[in-house]
Amino acid sequence: MEAGEAKSKKAGGSRLCCICNQRRPVLKRPKTLQQICRECFYEVFEEEIHQVIVGNRLFKSGERVAIGASGGKDSTVLAYVLSELNRRHNYGLDLFLLSIDEGITGYRDDSLETVKRNEVQYGLPLQIVSYKDLYGWTMDEIVKMIGLKNNCTFCGVFRRQALDRGAALLKVDKLVTGHNADDIAETVLLNILRGDIARLSRCTSITTGEDGPIPRCKPFKYTYEKEIVMYAYFKKLDYFSTECIYSPNAYRGFAREFIKDLERLRPRAILDIIKSGEDFRIATTTKMPEQGTCERCGYISSQKWCKACVLLEGLNRGLPKMGIGRPRGSGNDQKDTKARSTAKSIESKQCGSLEF
Amino acid sequence: MCLFSCCSMIDLRRIMCRGGLELLCDSEKIHKVNVDLPNGAESDDFTMKHLLSWVRTNLIKERPEMFMKGDTVRPGVLVLVNDCDWELSGQLDTRIEEKDVIVFISTLHGG
């Protein structure tokens with residue numbers, strides 16, 4: 001038996017790529033279970049994303065677009081593919097890289113180095129915005145104060161605002177993030193597990209925040225994480241890959257574990273969960289929060305103060321539980337009215353009971 | 001060309017750990033290894049299943065649960081044998097041969 005034949009016998013036998021029927025397959029697509037070769041993989045991967053962009057009318061020609069770039073696999077591949085598609089299909093976009101420095105030593109400083117390399121590799125101008133500058137607190141300082149629970153709550157809330165501020169600095173029209181199909185399926189599950197109906201109704205939208213400061217969209221909404229990683233591997237794209245040191249305690253980890261187990265049994269489950277999420281309809285009798293603006297900073301908020309302001313207030317006053325946790329019972333309306341009272345009565349409330 | 005039929009070990013060109021997995025192997029991304037075959041086993045029988053067990057014992061220095069779950073890799077860890085998705089070659093039943101290159105990539109981190 002010749003060595004070459006032996007090797008190809010192992011790699012799916014004498015089967016050839018499902019699409020071109022010429023080359024040796026290197027990947028089994030979770031989405032379709034097709035066995036495809038490298039070149040066909042690049043083509044379908046890029047073409048599908050192009051179709052998502054065009055089909056959902058994500059961009060308009062001439063727009064300035066910031067790519068939320070962390071140096072991780074999703075944002076690096078996003079920057080690469082978006083610049084490529086922008087060129088190939090003449091989207092006419094002005095692309096930028098926007099990075100947030102949360103101040104997590106040993107994690108963020110390393111990944112920022114990757115984004116700086118991406119800036120050079122892809123020729124996209126980079127803007128970095130830091131929590132320290134925006135809020136006066138780094139994540140390391142925050143964790144020192146609040147301990148190892150609820151870290152992601154603070155970071156996620158602060159990052160969302162930080163991206164908007166960064167986008168405003170760059171004067172961009174739109175923000176894109178690298179959230180992939182696995183992420184969105186996890187989020188749908190997470191919101192179900194928590195009974196967060198408001199978020200459940202929004203989390204599968206491919207574009208959000210159109211009525212806010214900066215709309216943001218997710219071109220990778222239907223793209224599997226496995227394919228993003230394989231694309232980056234085969235194309236030898238430079239990305240940073242370490243888990244945030246504070247994330248092992250995040251609740252999302254459970255949803256992620258579950259999704260990964262599901263994917264193993266039935267890979268289509270990921271897209272099907274997203275479809276279920278898209279087709280949810282909220283009962284008309286369910287009370288939904290109304291959108292207004294934060295009294296303190298003017299950011300969009302469904303409460304008197306936006307979440308970032310509540311959390312910051314807690315930090316600055318040494319009340320780490322402020323803004324964390326859920327109200328007991330169903331008296332949401334009553335809590336709202338109570339919360340609309342003066343700062344004095346906020347102070348007099350017990351830690352942890354302030355959640356609206 | 002079964003050159004190795006008389007040997008009791010398999011010489012792999014390299015095993016690579018990517019996507020953060022290298023942290024479990026003393027931060028070494030690339031390992032050149034010779035794997036001793038289990039007693040009495042023919043080199044023809046050496047599969048990914050055996051290799052995984054070998055890797056867990058010999059290369060993973062900490063937190064093995066990040067790499068494996070039961071007999072197989074933890075969901076979210078991709079496996080490539082000679083740059084091919086192991087799903088194409090039967091996953092755990094993939095036969096491992098002389099000079100093979102194995103790559104493990106973890107996808108379980110922020111993007």
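**Chain contacts and domain contacts in a predicted model**

Q: How many salt bridges are there between chain B and chain A?
A: Five salt bridges link chain B and chain A. Keep in mind that this is a predicted model.

Q: Which residue of chain A forms a salt bridge with B:K69?
A: A:D261 does. The closest N and O atoms of B:K69 and A:D261 are 3.0 Å apart.

Q: And how many residue pairs in polar contact between chain B and chain A?
A: The count is 10, with both residues at pLDDT 80 or more.

Q: Which elements of chain B give two or more residues to the side that touches chain A?
A: β4 (72–73), β5 (77–81), β6 (84–85) and β7 (101–106) of chain B. β5(B) gives the most, with three residues.

Q: What is the residue mix on that side of chain B?
A: It divides into 14 nonpolar, 11 polar and 10 charged residues.

Q: How many residues does each chain put into the contact?
A: Chain B contributes 35 residues and chain A contributes 36.

Q: What area do chain B and chain A bury between them?
A: About 3,000 Å². Carbon and sulfur atoms account for 53% of that area.

Q: Switching to chain A alone. How is chain A divided into domains?
A: Domain 1 covers 51–288 and domain 2 covers 289–328. Taken over C-alpha atoms, the centres of these two domains of chain A are 22 Å apart.

Q: How many residues of each are in contact?
A: In chain A, 21 residues of domain 1 touch 18 residues of domain 2. The area buried between these domains is about 1,700 Å², with 69% of it from carbon and sulfur atoms.

Q: How many salt bridges and polar contacts there?
A: Zero salt bridges are found across the interface of domain 1 and domain 2 of chain A. Two residue pairs are in polar contact, both at pLDDT 80 or more.

Q: Which elements give two or more residues to the domain 1 side?
A: α6 (139–146) and α7 of chain A. α7(A) gives the most, with eight residues. The residues of that side divide into 11 nonpolar, four polar and six charged.

Q: What comes right after α7, around A:K171?
A: A:K171 sits in the loop between α7 (151–170) and β6 (174–176) of chain A. Its phi is positive, about 55°, although A:K171 is not a glycine.

Q: Is A:K171 buried or exposed, and why?
A: A:K171 counts as exposed because its relative accessibility is 62%, and the cut-off for exposed is over 50%.

Q: What about phi of A:L33?
A: Phi of A:L33 is near 65°, also a positive value in a residue other than glycine. A:L33 lies in the loop between β1 (27–28) and β2 (35–36) of chain A. Most residues other than glycine have a negative phi.

Notes. Residues are numbered from 1 along each chain as its sequence is written. Chains are lettered from A and ligands numbered from 1 in the order in which they are written. This is a predicted model: local features need pLDDT of at least 70, side-chain atom pairs count only at pLDDT 80 or more; totals for chains, interfaces and linings use all residues. Side-chain values use heavy atoms; hydrogens and water are left out. Helices (H or I, at least four residues) and strands (E, at least two) are DSSP runs, numbered from the N terminus. Buried means under 20% relative accessible area, exposed over 50%, partly exposed in between (1.4 Å probe, protein chains only). Domain bounds come from an automatic or database domain assignment. Contact means heavy atoms within 4.5 Å. Buried area is the accessible area (1.4 Å probe) that two parts lose on being put together, summed over both. A salt bridge is a side-chain nitrogen of Lys or Arg within 4 Å of a carboxyl oxygen of Asp or Glu. A polar contact is a pair of N or O atoms within 3.5 Å; within protein, one must be able to donate a hydrogen and the other to accept it, and residues adjacent in sequence count only if both atoms are side-chain atoms. Ala, Val, Leu, Ile, Met, Phe, Trp, Tyr, Cys and Pro count as nonpolar, Asp, Glu, Lys and Arg as charged, and the others, Gly among them, as polar.
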